[in-house]
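Here is a short tour of how some helices and aromatic rings sit together. Please keep the model open as you read.

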Amino acid sequence: MIEQIAKYLRLVKFSHTIFAMPFALMSFAYALWSTDVTFSWWLLLQVVLCMVFARNVAMGFNRWADRKIDAENPRTASREIPSGQISPRKALAFVIVNALLFVVTASTINLLTALLSPVALAVVMFYSYCKRFTSLAHLVLGLSLGIAPAGAYIAVTGTLTFAPCLLSLVVLTWTGGFDIIYALQDAEFDRKRGLHSIPSRFSVATSLYISIALHCVSVVALLLFAWYFAPQGWLLWTGVGLFTAILIAEHILVTPTRQRSIGIAFGTLNGLASLTLAVFVIAEIITKY
């Protein structure tokens, strides 16, 4: 039983929840502070469950849709579906169950989260087919994760304002940027297979410049959020500074001539960036709440 659960956790890369979840929690805390809504453990649980279910749908469907492509790629052939650890039918059933749980949970929060839940699912599932026809798939992935802070704010307030949209823009461009770095590993395979990505279309150097440009947008959007909307204090600006520094470190680590540390840059540094930012920003909000 435990091994079966572990297989599904590996299928959806559950550890990667660390990318968007901190931003959702940050937006949740900001919504409470900016609107004076009373904190609710039940609402927090609902938001976290929505995040988990949506993440399971996104990754589970991606693995199901890409199962034949993954089987052809030496880097991904050992994944759960192409290696036979989980059958395509069971993987699809897993996706359907999580999609239903997501819609049901979102519908218990408020009317707007209920109405938007199918839209969110459509976006996260649409991403899985994007690399078949557009090199902008990285940004669609960013949009999929960028839903998180906007959704958390809507869960608390029942409305959407500009501030959480800035956080969504941070996640969109930050994710798009680091996904370009990750896709460098498959550039040659993607070209041969006719798949689209920034690295398969452009040189390594150009791809990394695009990634840097996206991360510059992330930092600017974060600065706007911090300066104009967030409660001011040293904790806030420490978090913003550390997040920016970690992104810079990511681009120092991966260069056109050095790409052996992509795994560290993609997983470790980005996970550390989101966690660090959320801890400091939420701490600042708590002191002002």
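Helix 2 (residues 21–35) and helix 7 (residues 137–157) have axes that come within 8 Å of each other and cross at roughly 35 degrees. This is a predicted model, in which local features need pLDDT of at least 70 and side-chain atom pairs count only at pLDDT 80 or more, while totals for chains, interfaces and linings use all residues. Residues are numbered from 1 along each chain as its sequence is written, and side-chain values use heavy atoms, leaving out hydrogens and water.

**Helices 2 and 7**
- The crossing of helix 2 over helix 7 is right-handed (the near helix is turned clockwise from the far one by less than a right angle).
- On the helix 2 side, the contact (heavy atoms within 4.5 Å) includes Phe23, Ala24, Ser27 and Phe28.
- Helix 7 contributes Ala148, Pro149, Ala152, Tyr153, Val156 and Thr157.
- The residues of this contact divide into 11 nonpolar, four polar and no charged.

**Helix 8**
- Helix 8 (residues 162–183) is mostly covered, with 17 of its 22 residues buried (under 20% relative accessible area, 1.4 Å probe, protein chains only).

**Aromatic rings**
- There are 16 aromatic pairs (ring centres within 6.5 Å).
- One of them joins Phe19 and Phe178, whose ring centres are 5.0 Å apart and whose planes lie at 50 degrees, so the pair is tilted (neither under 30 degrees, stacked, nor over 60, edge-to-face).
- Phe19 lies in the loop between helix 1 (2–11) and helix 2, and Phe178 in helix 8, so the pair ties together parts 159 residues apart in sequence.
- Phe19 and Phe178 are both buried.
- Ring pairs also link Phe19, Phe23, Trp174, Phe178 and Phe243 into a cluster.

How values were computed:
Axes fitted to C-alpha atoms, helices over the stretch in contact; angles between N-to-C directions. Helix = DSSP H or I, 4+ residues; strand = E, 2+ residues; numbered from the N terminus. Nonpolar A, V, L, I, M, F, W, Y, C, P; charged D, E, K, R; others polar. Expected span 1.5 Å × (residues − 1). Buried < 20%, exposed > 50% of the residue type's maximum accessible area, 1.4 Å probe, protein only. Phe/Tyr/Trp six-rings, centres within 6.5 Å; stacked < 30°, edge-to-face > 60°.
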